Amino acid sequence: MKYYLSLALALVSINSALAQIDYDVAKIPENLKKDAVAVIRNEESFFDVKGLGEAKMDYKVAITILNKAGEEYGEMAEGYDKFSSIYNIKATLYDAAGKKVKDYKSSDIKDQSLISDFSIFEENRLKLLKFVSITYPYTIEYSYSQDYKGLLYFPSWRDLKGFGVSVEKSAYTIQKAKNYKMRYITSLNLQTDSVINGEKVQYKWKSTNVAAVAEEPLSTDIDNISAWVKASPNQFEYDGSTGNFDNWKNFGSWLFTLNQGGNKLPEATKLMVQNLIKDAKTTKEKIRILYNHLQQNTRYVSVQLGIGGFRPILAEKVAQVNYGDCKALSNYMKALLNEAGIASNLIVIGNDMPSLNLNYSSMGQANHMILCVPLAKDTTFLECTSQYNPMGFIGYGNSDRNVLMVTEDGGKIVHTPAYNAKENYQIRKTKITLAEDGTASSEIKSTYGNAQFEENFSMTLMEPVDLRKKIIEESPIPVAELISYKYAQPDKTVPVLTEEINFKTNPLLTKGGDKLFLVINQVNRRESVPLKVEVRKTYFAVPFSYNDDDEISYILPKGYNVEFIPKDIAISSEFGSYSAKFSVKDNMIVYSRTQAMNNKKYPPEKYGEYVDFYKKIYQADKQKAVLAKTL
């Protein structure tokens, strides 16, 4: 008996050893090391839906960190809140040969608040473990279980965790009861395997041997090249609230119900509203007055407390404390307008995220809330978290996308305004007075509109010392002495910023014998060409459409005239257009340059053409004039 028991134990030990994954780095296929900083050796996610508001996730992952650039993947950072719990954590560190270095204890794992820099009300917490190895490569492995009480969404899955990360094996399984209703969408060509196991159904997805993708210039989204799954419940329960996500109309109905009774204002606030608008003659004027009041008297603070992460703080509370998150401030503005007799609707939007998927409603596609005021002839959108945006300007991170309007009849998909290239403008006039030694006096006057207003507005908020330093360091013309500068928003009702800078320059002219050479574009010159990518994999786009108009007038040094000036240049492509014009008037060179770009998303195969387009602009921006001394 003793013999058989020993043999059985030996067989168990052998089988266990055979089942253990070998993390020897030498056994990683070479194609998975190329362009990689880390490799997902094995990832297994099993999400078991146990009921309308209950689920469990069992998760295990092993990641090899190849070098210091992959260090961010050498940690476990898993979030939870009062509606979920993480337990049964196991973590191990392996060396390059796959030999165990250390098993981590519970005491090694930090349990900390996940309070973000902009949030003072937040219940999210984090289980954090930073694996430490003094040599590369090394492998980390950890696993845990997580219970959910309340299901607004299911965990999503993507095989590629980032640029420079390859995958040996990654798998995701969702298990549910046969009669439980859910929906999912996947990346193109990802196979879904479904298995019936008694009264349960399992949906399975997997990915194997996926090479890393190096980060490429102007990449828009890694989802275009990775395998992914997004899943959502239909009916749900969460923090005492129930609803249905099977379409956007029902989604909006749930949000509308959450906010019922939340628009009441204190009597003092009602009197204040009536007093503010008593002399206003138009609806637009009333909106502007109340929006300005909101901006001047409230501030943004994030709130992530249970259902409060989705339900706005009561308007009467915001009136008392003068702060709130995007939902609270939008709802408060809605209440102010309501008191003024103006109807408005909350808008659920993905700031800096893609448009909402028209055919798939779910949580996770939006991260922000704004307000819209439908009027007879137009609709005004209001970004209620900004203390500086003019009324109606919502920023390019919110523009031109499908969003959800919350109405008493449910959710309705609408589209936010698009800002075209002509609206996102920069208009600049520069006067440069040249001296014979090559130095010059420069006067620059610029006007920025819409997206370019947004990009440059922070200059108006900087301390003088910091602003002065920034101007000198970022000036395209080398600054010898900064004389004066001024930033202003002449009309607070429109997104337009003006800039005036006067300074003396370092030498701009170079000598060649008795000639002087001048690079004519001194102000808005392309100094480089986008890096070439031989076999590009990701889509690309510029951040926003824009139009730059520059005019530079050069006053020539005494005793010199223009011996040579370049011919006019015009370049056009599907990415945008460029023109440069050169002329001589009396003792002056006048240079005009226009570049317009659109932010359409382009497929990878177009990138070579984009680089060629920019190469032409780069060369055009280097054109020189030749000055000769007069007799």
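Helix α9, which covers residues 464-474, lies across the strands β28 and β29 (496-505), and it runs at about 120 degrees to β28. This arrangement, like everything described below, comes from a predicted model. The strand β28 (479-488) also belongs to the edge of a sheet, and that sheet is taken up below, followed by two helix packings and one pair of aromatic rings.

**The sheet beside helix α9**

- Eight strands form an open sheet with mixed pairing, and their order across the sheet is β28-β29-β27-β26-β32-β36-β35-β34.
- The strands β28 (479-488) and β34 (569-573) stand at the edges, where each has a single partner strand, so one side of each is left without a neighbour in the sheet.
- On average, and with direction ignored, neighbouring strands of this sheet are turned by 10 degrees against each other.
- The edge strand β34 pairs with strand β35 (residues 576-585) in the antiparallel sense, over five bridges, and S572 has S577 in β35 as its bridge partner.

**Helices packed against α7**

- Two packed helices are described by the angle between their axes and the distance between the axes.
- Helix α4 (residues 267-277) packs with helix α7 (residues 326-339) at an angle of about 65 degrees, and their axes are 9 Å apart; the crossing of α4 and α7 is right-handed.
- In this packing, T269, K270, M272, V273 and Q274 of α4 meet Y332, L336 and E339 of α7, and by class the contact of α4 with α7 has four nonpolar, two polar and two charged residues.
- Helix α5 (residues 283-297) comes with its axis within 10 Å of the axis of α7, and the two axes cross at roughly 140 degrees, which means that α5 is oblique to α7.
- The crossing in which α5 passes α7 is right-handed, and the contact is made by I287, L290, Y291, H293 and L294 of α5 together with L329, Y332, M333, L336 and L337 of α7.
- By class, the contact of α5 with α7 has nine nonpolar residues, one polar residue and no charged residues.

**Aromatic pairs**

- A search of the whole structure finds 37 aromatic pairs, including the pair of F47 and F154, whose ring centres are 5.1 Å apart and whose planes stand at 50 degrees, so the pair is tilted.
- This pair links distant parts of the chain, since F47 is in strand β1 (residues 38-51) and F154 is in the loop between β9 (138-149) and β10 (157-158), 107 residues apart.

Conventions
Residues are numbered from 1 along each chain as its sequence is written. This is a predicted model: local features need pLDDT of at least 70, side-chain atom pairs count only at pLDDT 80 or more; totals for chains, interfaces and linings use all residues. Side-chain values use heavy atoms; hydrogens and water are left out. Axes are lines fitted to C-alpha atoms, for helices over the stretch in contact, and angles run from 0 to 180 degrees between N-to-C directions. Helices (H or I, at least four residues) and strands (E, at least two) are DSSP runs, numbered from the N terminus. A crossing is left-handed if the near helix is turned anticlockwise from the far one by less than a right angle, and right-handed if clockwise. Contact means heavy atoms within 4.5 Å. Ala, Val, Leu, Ile, Met, Phe, Trp, Tyr, Cys and Pro count as nonpolar, Asp, Glu, Lys and Arg as charged, and the others, Gly among them, as polar. Angles under 35 degrees count as roughly parallel, over 145 as roughly antiparallel, 65 to 115 as roughly perpendicular and the rest as oblique. Two strands pair if DSSP finds at least two bridges between them. Rings of Phe, Tyr and Trp (its six-membered ring) pair if their centres lie within 6.5 Å; planes under 30 degrees apart count as stacked, over 60 as edge-to-face and the rest as tilted.
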